[in-house]
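Let's take a walk through this model together. Have the viewer open and follow along as we go.

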Amino acid sequence: MPAKVNLDDKFAQFTEQWAPRIAARFNGNEVRLCKVEGEYHWHSHPDTDELFLVIEGALEIDFRDRTETLGPGEMIVVPRGTEHRPRAPHGEAKLFVMDTEGTPNSGDHATAKVAVDI
């Protein structure tokens, strides 16, 4: 039977930055929660789109031609193959991120890590 997921409870289970945790799976996708602060590196995901939804704080996503700033309740879908650099320069942000199952959080970058369950 399905069980509800409390985001506050899930976020309380980890402190590591830029290390997504899988809160749920459906239809070959992973619902990931992530705490971020500071700057990540430029990367892309050649085979899948990536959805970012800000739960708390603010997230800036740099693209080669512009920067998008997201606040709580705002989201963006980064199309596959699009270079981007997420940043949270004004303190910690809590994110809901959706990727295809098994997609490394850093895409094509050498530091790629696969998300783990919480």
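Where does Thr48 lie? Look in the loop between β2 and β3. Keep in mind that this is a predicted model. Loop or not, Thr48 is buried, because its relative accessible area is 9% and the cut-off for buried is under 20%. Leaving aside residues up to four places away in sequence, Thr48 touches Arg80, Thr100 and Thr103. With Thr100 there is also a polar contact, side chain to side chain, at 2.7 Å. For a sense of scale, try Asp8: it sits 40 residues from Thr48 along the chain, and the two C-alpha atoms are separated by 28 Å.

Now step on to strand β3, which covers residues 50–56. This strand pairs with β6 in the antiparallel sense, over four bridges. One place to see it is Leu51, whose bridge partner in β6 is Val77. Strand β6 itself, residues 75–78, has two faces: Ile76 and Val78 are on the covered one, while Met75 and Val77 are on the uncovered one. That fits a general pattern: in a regular strand, side chains alternate between the two faces of the sheet.

Next come β4 (residues 59–63) and β5 (residues 66–70), an antiparallel pair held by five bridges. The two form a hairpin with two residues between them. Within this pairing, Ile61 stands opposite Glu68 in β5. Glu68 also forms a salt bridge with Arg66, where the closest N and O atoms are 3.0 Å apart. Glu68 counts as partly exposed, because its relative accessibility is 29%, and so does Arg66, at 39%.

What about the nonpolar residues? In soluble globular proteins, nonpolar side chains tend to be buried together. Here the largest nonpolar core has 16 residues, and those touching the most other members are Val36, Phe52, Leu59, Ile61, Leu70, Ile76 and Leu95. The elements that give two or more residues to this core are β2 (29–39), β3, β4, β6 and β7 (85–100), with β7 giving the most, at four residues. Val36 is a good residue to click on: not counting residues up to four places away in sequence, its contacts include Trp18, Leu59, Ala88 and Leu95.

Charged residues get buried too. Glu50, found in strand β3, is buried yet has no salt bridge. The nearest side chain of opposite charge is Arg32, 5.7 Å away; that is outside the cut-off, because a salt bridge needs the nitrogen and oxygen within 4 Å. What Glu50 does have is a polar contact of 3.0 Å between its side chain and that of His84.

Side chains of opposite charge can pair when their charged atoms come close. How many salt bridges does the model hold? The count comes to 14. Take Lys94 and Glu56, whose closest N and O atoms are 4.0 Å apart. Lys94 lies in strand β7 and Glu56 in strand β3, so this pair ties together parts that are 38 residues apart in sequence. Lys94 is buried at 17% relative accessible area, whereas Glu56 is partly exposed at 43%.

Arg87 and Asp62 form another salt bridge, with the closest N and O atoms 2.7 Å apart. This pair links strand β7, home of Arg87, to strand β4, home of Asp62, across 25 residues of chain. Both partners are buried: Arg87 has a relative accessible area of 16%, and Asp62 has one of 4%.

Terms used
Residues are numbered from 1 along each chain as its sequence is written. This is a predicted model: local features need pLDDT of at least 70, side-chain atom pairs count only at pLDDT 80 or more; totals for chains, interfaces and linings use all residues. Side-chain values use heavy atoms; hydrogens and water are left out. Buried means under 20% relative accessible area, exposed over 50%, partly exposed in between (1.4 Å probe, protein chains only). Two strands pair if DSSP finds at least two bridges between them. A nonpolar core is a set of buried Ala, Val, Leu, Ile, Met, Phe, Trp, Tyr and Cys residues joined through side-chain atoms within 4.5 Å. Contact means heavy atoms within 4.5 Å. A polar contact is a pair of N or O atoms within 3.5 Å; within protein, one must be able to donate a hydrogen and the other to accept it, and residues adjacent in sequence count only if both atoms are side-chain atoms. Lys and Arg count as positive and Asp and Glu as negative; His and the chain ends are not counted.
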